[in-house]
Amino acid sequence: MNNKTSKHVKKASALSVFAFLTPFIIIIFFSFLFFVMLLGIFTDDGFDNADHDFGDGNSNLSDEVLGYRSLITEYAEEHGVPDQVDLIMALMMQESGGKGNDPMQSSESHCGSVDCIDDPELSIDKGIEYFASVWEQADERMELALQSYNFGSGFIDYVEENEGDYTLQQAIDFSAEKYEELKHTGDYGCVRPDAIMHDACYGDIYYVDAVLQYYHEDGEFDGTFTMPLDTMYITSTFGERTINGKPDFHNGTDLRCKGGITEIKAMMDGEARVAPLHSSLGYYVSLLHNEEVITRYAHMSEQLVRNGDKVKKGDVIGICGSTGNSTGPHLHLDVIIDGENLDPQTYFGF
Ligand SMILES: [Zn+2]
């Protein structure tokens, strides 16, 4: 009996200690959450513009090919061609669209027969190893290396004995010669009508053009940029600020401009995304520069591009205004990388 009572007392006191500690536990928990959030913000702020590689702006790649980017990057580094990731992705797009277990179609170069590779990672490893070898033998000449990925490295010797560099005519002549040599095996069949006409049915004589349609599609995206306004005067910076006494996070940079007058220019080459009036951004234009990089220009009085327009660095895309959640004419500029807003000043160094 006594024993039982003391048990109850212990339990009750343990409960009251817990009740007493609860507010502290909650405070500690939320402080920790806040700290983690701050850490995230500061990590973004620490972004270094100089280290950022804009890439080559591939387009028309399938989701499957895009999904292999990190694996392709890894093996491109391993095989000594770290700068050719975008070209290799275009090549994979032509070979398979990224589908199947041998997306680089590297079975033939790896073991001499089709279908010996049934693991995408092995396909990428061996395909890039082979690409790196023709890339080196071709002295990094893109067209010659690409055609040799399709024809085999014998094409490089052939070209060097003749005109010295890739031409379509050399590809046709080489293909016709090899086809003449090998057609008795029955392994080669013409696919393209043009190839039938030339009796050039070994490999693909239009391989170079076929791959390059997936490369540099948006023109010469070189990562260079220009300022969005002729006169840059910052009225509000990126980061924490106070609006009407309340803390607020400003996810872009505000720049002074004259409503209805000042022209807003595209900072880099890109493709326009234009939306109807947005409650906070007003009339805005987003420019897609490559798969990761977006710049966004908000509160315009007028949008001067249409959805899908290809714009060039410096093109006028809109007129300054005060539409949406804005207290006066200004340009709100966002830089969005992989879906996250970064400080435009840090990113572009202005
Ligand atoms: Zn703003």
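**View 1. Strands E4 and E12 are joined by four bridges and run antiparallel.** Strand E12 covers residues 330-337, and we can pick out one pair to look at: Asp254 has His332 in E12 as its bridge partner. Keep in mind that everything shown in these views comes from a predicted model. As you follow the strands, remember that side chains in a regular strand alternate between the two faces of the sheet.

**View 2. Strand E4 also pairs with strand E1.** Here, E1 (residues 234-236) and E4 (residues 253-256) run antiparallel, with two bridges between them. Which residue of E4 is the bridge partner of Ile234? Look for Leu255, which takes that place.

**View 3. Asp315 sits in a loop between two strands.** The strand before the loop is E10 (310-311), and the strand after it is E11 (316-319). Is Asp315 buried, exposed or partly exposed? Asp315 counts as partly exposed because 19 other C-beta atoms lie within 10 Å, while a residue needs 20 or more to be called buried. If we set aside the neighbours within four places in sequence, Asp315 is in contact with Lys265 and Ala266. Find Met268 in this view too: 47 residues separate Met268 from Asp315 in sequence, yet their C-alpha atoms are 9.0 Å apart in space.

**View 4. Helix H4 is mostly covered.** This helix runs through residues 85-96 and has twelve residues. From the first C-alpha to the last, H4 reaches 16 Å, close to the 16 Å expected at 1.5 Å a residue. How many of the residues of H4 are buried? The count is twelve of twelve, and among them are Val85, Leu87, Ile88, Met92 and Glu95. Now look at what surrounds the helix: the cover over its buried residues includes helices H2 (63-67), H3 (69-78), H6 (120-137), H7 (142-151) and H11 (207-212). Just after H4 comes Gly97, with a positive phi of about 70°.

**View 5. Stepping back, the protein chain has twelve helices and 13 strands.** The chain holds 350 residues, and 34% of them are buried. How do the contacts spread along the sequence? Taking the contacts with a separation of 6 or more, 57% are between residues 24 or more positions apart.

How values were computed
Residues numbered from 1 in each chain as written. Predicted model: local features only at pLDDT ≥ 70, side-chain atom pairs only at ≥ 80, totals over all residues. Expected span 1.5 Å × (residues − 1). Contact = placed C-beta atoms within 7 Å. Pairing = 2+ DSSP bridges.
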